[in-house]
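Work through the following exercises with the structure open beside you. Try each task before you read its solution.

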Amino acid sequence: MKAVGARLPRYDGLAHITGRTTFVDDWPTPPGMLWAKALRSPHHSALIKSIDTSAAAKLPGVHAVVTAADMPVNMVGHLEALGVPKDEPYLAEHEVRYKGQPIAGVAADSEQIALEALELIKVVYEVRQPFLDIRKAFDPDEPQITPDGNVFFYDPHDHRKVTKGDVDAAFEKADVIVQGAYRPAAIEQAPTETQAALVVPEPDGRLTVYTCTQAMYFTMGVLSTHLQLAQNRIKLVGGTVGGGFGGKVDSATEPLCAVLTLKTNRPVKWRFTREEEFLYASVRASWHVEIADALTSDGWILGRKVMTLHDAGAYTRFSSYGATKHSFHLSGAYTIPNLRTQAYVIWSNHVPTTAMRGFGVTSASFATELQMERSAKALGMDPWEFRLKNANRKGDLMPTRKPLEDPSTIVTIQAAAQAAGVELSAGLRELTNAPRSGDSLPEHLRDQPTIAKLGDPTS
Amino acid sequence: MPAPPELLQPTSESEAIDAFGDGVGVTVVSGGTIVVPDMTYGRLRPSRVVLLTRAGMGGVTREAGVVRIGAGTPVGALDDAVEPLGSAARGVADGEIRAAGTVGGNLCAGPAQDAPRGDLQAPLIALGATVRSAGKGGERSDPIESFLGNHDGRLVLSVEFAEPAAAGYARMDRKHAHTYTMLAVSACRAADGSVRVAASGVGPFAVRLTSVEAVLAERWAPEAAAKEALVDCDPPTDALASAWYRRRMLPLLITRALEGLA
Amino acid sequence: MAKHRGRGVAAIEYPTGMNQGGDPSQAWIKVKPDGRIDVFAGTVDLGQGSKTVHTQIAADTLGVPYDTINMDVSNTDSSPLCTGTFASRGTFIGGNAVLIAAQRARKKMLEIAGEAMEVDPDDLDVEDGTVFVKGSPDKSMTVAEVAGAATWGIGDMITGSGAYLKPYESPDPDTGECDPDHDVSYAACVADIEVDDETGEVQILRLVQAYDVGRAINPTLVEGQIQGGAMMGLGLALLESSYPYYPDPENRGGEFGSYLAPALADMPEIESVIIENHSTIGPFGAKAIGEMANNAQAPAVCAAIHDAIGVWVPEQPATPERVLRALDAKKDGTDAPRRDGKRVIYDEAISVSTHAHASSKLRKIIHA
Amino acid sequence: MKLIVNGRECEVTRHGMTSLLEVLREDLGVKSPKAGCQQGGCGTCTVLVDGEPRRSCLMPVAAADGAAITTLEGLATGDALSPVQQAFHDSYASQCGYCTPGMVMAATALIERNPSPSRDDVIEALGGHICRCTGYVKILEAVESIAGSAR
């Protein structure tokens, strides 16, 4: 019997259904375990003038209080390996850039004692005006998030640029230009398991890190850099996670537990509350996308210009990656030969954002598909026909000029129409993704620019 | 660390009244739906808790047109209660929460962190309920609208109201079983023909809409009356809806609730 | 007061694997003396079912039953590297690593069986836990016997390791030119909705969705991704926002009572069609499904809102307030796009042309 | 205080205002009820208290003194799954599995009370339980499959 293609039972199904699946929070409590909690900024933006942890440290039941100075390395960039500069301290040092930013950590005998200890930490802030509206990123009078401004630098541009064909000529030639603005929202990943970590010191000096990370080796790398420990001094235990959706790639809880463990030589657990998860953990980013399409009156998209603003929140994390991925999908499931897109990563005093299901592309799909709908309506054309007419075909090029081998825009639209009971005309029902010819090869698609290394896709 | 709270578990109403005393420094816990999470999150560290689980203060009686509901009655026991109370009760969270939360707790519930609470308050205002409570100076009864928000130092014992001649209820939430009610309106016509109207979700506690009632006392003009609602309240913006949206919806819900009295 | 029905469609595509590559996954396999198989990978199972899918890939590649395999992704001591479970890479990249490791373990298994049976390994095949001579299935050994022979007779070990990597590729800074993905999945979604024009409430009645996933390694798990994604997409379309008054950072929902994650009561009729247009390089033809499953609903719902009541709601989510304000604008005639020559300009009220400073270069990007 | 947890009598020495959830998880090692929100909002902590589904994160343990508590660990008899467990398994109603303990307990209580619930009954009983993975489709299928076989 073949396993592939079969509806075999879940490998972990029986464990789930009997309550035996062990998530981070479910490991037996090791003897002497302490609970961690973090002091978080009450302000969206402020300078930290001083931090006094002495009263908290004296509270009975408190075993350690740590601040930025206790982190062997406080700043680790998520994408340092790809040349993206690190910018986010694990514990805030001289300033806070978002409400909820962690400033200090406490390890205590119970969560209740840890919470009380947080109230005894005295931080003096100098509150600043926050920067919140990314549309004002280049405005002269707005607050500046960094000394270099509010905009991430993609060397050599201040935005991710994708260009293809001759956009200006396409707009010149267009019969109609349709222009719109789209604002996809920040949302919380909200897995039912909140983020949690448990770090246990082992007799041989290693640390066992029970983790809900979506990426064990990535988190191991982040942790080993923070702690300046070789990777074989750390063992991550995980792989079984109560939902992630992108929200568990930031290594939010592991470093604090590990540092508190190194301080106390005791196991330390930190489990985010739901409130922390909703309000202070990273979210899917908010975006602002403006699109202008150059259309012919018979329903072809000759060209497209896009301006995207990505609200990264207070620090970069994976934002530069996400905005690049976004840029590569701004023509959607359709072929647009002339393209100019500019995507800006803007820092703000919102919570830092991170990956979430569909990272970068969810926003592109929303903006471009609503734009498609409007363009069809502006042309007085059936939205199904407009989509199928411009749909990707074999040999068409993506915005990156990568040729498409076997795109399924047409077949998925036809299947959805059929399942939903939408009557497509015979002409539309019979369309295929065959390489363009005849009516499907209008003049503006005759010389789709190709790149030599990928060869001629239609040959 | 401070000592854990002293825990008193009265087994009768009179024991509960004694344990509560003048209420100073006392946290009353009935279903636990509000106090337990507040304690878990470190927002509340009571010094003295009176836990009413075994005080036997629940129960609904109907006698000669008067309904009396014990403070310890779970919200879930009110599914079939007199309207508009029954409709409001059925709309609270889900069955598991309704089985825990009680009438007394609901009357004392101020807003949650980021949304309104206390769904039973408005229907009880519309029903013209009185609240019997204990505390400093002994037992007393107050009209519910003056009790709401002034419950410090009072232990709710029961609420009491006359069955209305007619009732109406209209509610908006965002469909999910456990989101808080965004806005709700309760209306009742008493046996003497007088009409009372109240709204939830327009402030920290439910509000009696006397300006609406005043128009209705003149003439039966629900839409005209509904327009007066904003004289009596200033709806908030919160995570569920903006003040703009609540202001827009309030007259609509009032007209819908008043349909029950037509 | 009236309720209006509308229908909208959206078509989307989604890349498989981390954008620009550079994201390896590795796997290794050993066979116990009784023929039971241990597969070690680093792919974290978030619930999507990667343990199941990896096990299915290993079973068919090795030619052994599904239930003879242990799939271990539990720790970094025994599991090899995986870049992580994100970017729609688990089945494709993690799966390919398992596939390659299993092919190598299978080769080793057949070599050992060949030695034990005194047959050329090229003449051997393995299916359902039995190694046999092609064309003469009577000449066979069970995998357990082969593993026993390896351990106790030959003094060898049946293992295999594998890795899958598309090297990192930098886009051209001026054109974006590069080869950023492994393959592309596609989907289309039809949303049927109902709008209450008095309250602005939108209810989704039905979502019909067709997904090209390359190959459904486990069709039930694929359905699970499509259905779960549909509800997350419903949340994006109508309910969820970390900042209900964005960019204002206040009034955020800090609990499920005030953050509107879709619940059972929100569930519309959901119908899924799986199309299997095989990838030429995915494991058994598979492409990605996980992430894209929440991308098509929001635009389809917004198109349906326009179909129902003739207004556009370009800000997510389409809350009752936004729908009502759009209806108000339509009533006032202030919703019509501005026409400037052949340009039809929507959404000026929310665009940078209204909100950015006159000197901001953002104002010139698409308006030029 | 005493609890009878899955048939086993347990002594409880914690403060009476400690949540039942914390006592189950931290003191008694019963880990299937989860601390998904500790606000009463997600349903991952639901257990049966004398047969009734309750959010254990909201219940002071003193209020449960003497009660019989049933959690997911207590449903199967040996290797034999309960009908609700079997239906969830057969319908692939778990993905990550974190909501499963609460969902199964709520569904168990529903089926106990009403062996052939309507769809509205199921929505009422499980509607306050959050699942972020399945879109609820297969959970509903699971419960309705039991309801169907009862009919």
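**Exercise 1: A serine with an unusual phi**

A:Ser251 is buried, with a relative accessible area of 6%, where buried means under 20% relative accessible area, exposed means over 50% and partly exposed lies in between, with a 1.4 Å probe and protein chains only. Before going on, note that this is a predicted model, in which local features need pLDDT of at least 70 and side-chain atom pairs count only at pLDDT 80 or more, whereas totals for chains, interfaces and linings use all residues. Residues are numbered from 1 along each chain as its sequence is written, chains are lettered from A and ligands numbered from 1 in the order in which they are written, and side-chain values use heavy atoms, with hydrogens and water left out.

Task: State where A:Ser251 is placed, and what its phi is.

Solution. Step one is to locate the residue: A:Ser251 is in the loop between strand 11 (234-237) and helix 6 (254-264) of chain A, where helices (H or I, at least four residues) and strands (E, at least two) are DSSP runs numbered from the N terminus. Step two is to read the backbone angle, and A:Ser251, although not a glycine, has a positive phi of about 55°. Step three is to set this against the general pattern: most residues other than glycine have a negative phi, and most peptide bonds are trans.

**Exercise 2: Another positive phi, and two cis bonds**

Task: Say whether D:Tyr136 is buried or exposed, and find which residues the cis peptide bonds join in chain B and in chain C.

Solution. Begin with D:Tyr136, which is in the loop between helix 4 and helix 5 (137-150) of chain D and has a positive phi near 70° without being a glycine. Its relative accessibility is 1%, so D:Tyr136 counts as buried. Next, turn to chain B, where the peptide bond from B:Glu83 to B:Pro84 is cis, with omega near 5°; B:Pro84 is in the loop between strand 5 (66-70) and helix 3 (85-90) of chain B. Finally, in chain C, a cis peptide bond with omega of about 5° joins C:Tyr246 and C:Pro247, and C:Pro247 lies in the loop between helix 4 and strand 11 (269-275) of chain C.

**Exercise 3: A buried valine and a buried helix**

Task: Describe the surroundings of A:Val162, and explain why helix 3 of chain A is largely enclosed by the rest of the structure.

Solution. First, place the valine: A:Val162 lies in strand 7 (residues 160-164) of chain A, and with a relative accessible area of 0% this residue is buried. Second, look at what A:Val162 touches, leaving aside residues up to four places away in sequence: the list includes A:Phe328, A:Leu339 and A:Pro399, and also C:Thr175 and C:Gly176, contact meaning heavy atoms within 4.5 Å. Third, note that the C-alpha atoms of A:Val162 and A:Gln342 are separated by 6.7 Å, although the two are 180 residues apart along the chain. Now for the helix: seven of the ten residues of helix 3 (residues 111-120) of chain A are buried, so this helix is largely enclosed by the rest of the structure. Among the buried residues are A:Ile113, A:Leu115 and A:Leu118, and the cover includes strand 1 (34-40) and strand 5 (102-108) of chain A together with helix 2 (35-40) of chain B.

**Exercise 4: Two helices of chain D**

Task: Work out how helix 3 and helix 4 of chain D are oriented to each other, and which residues make their contact.

Solution. Start from the axes (lines fitted to C-alpha atoms, for helices over the stretch in contact, with angles from 0 to 180 degrees between N-to-C directions): those of helix 3 (residues 100-113) and helix 4 (residues 119-126) of chain D come within 9 Å and cross at roughly 135°. That makes helix 3 of chain D oblique to helix 4 of chain D, since angles under 35 degrees count as roughly parallel, over 145 as roughly antiparallel, 65 to 115 as roughly perpendicular and the rest as oblique. The contact is made by D:Met103, D:Ala106, D:Ala107, D:Leu110 and D:Arg113 of helix 3 and D:Asp121, D:Val122, D:Ala125 and D:Leu126 of helix 4 of chain D.
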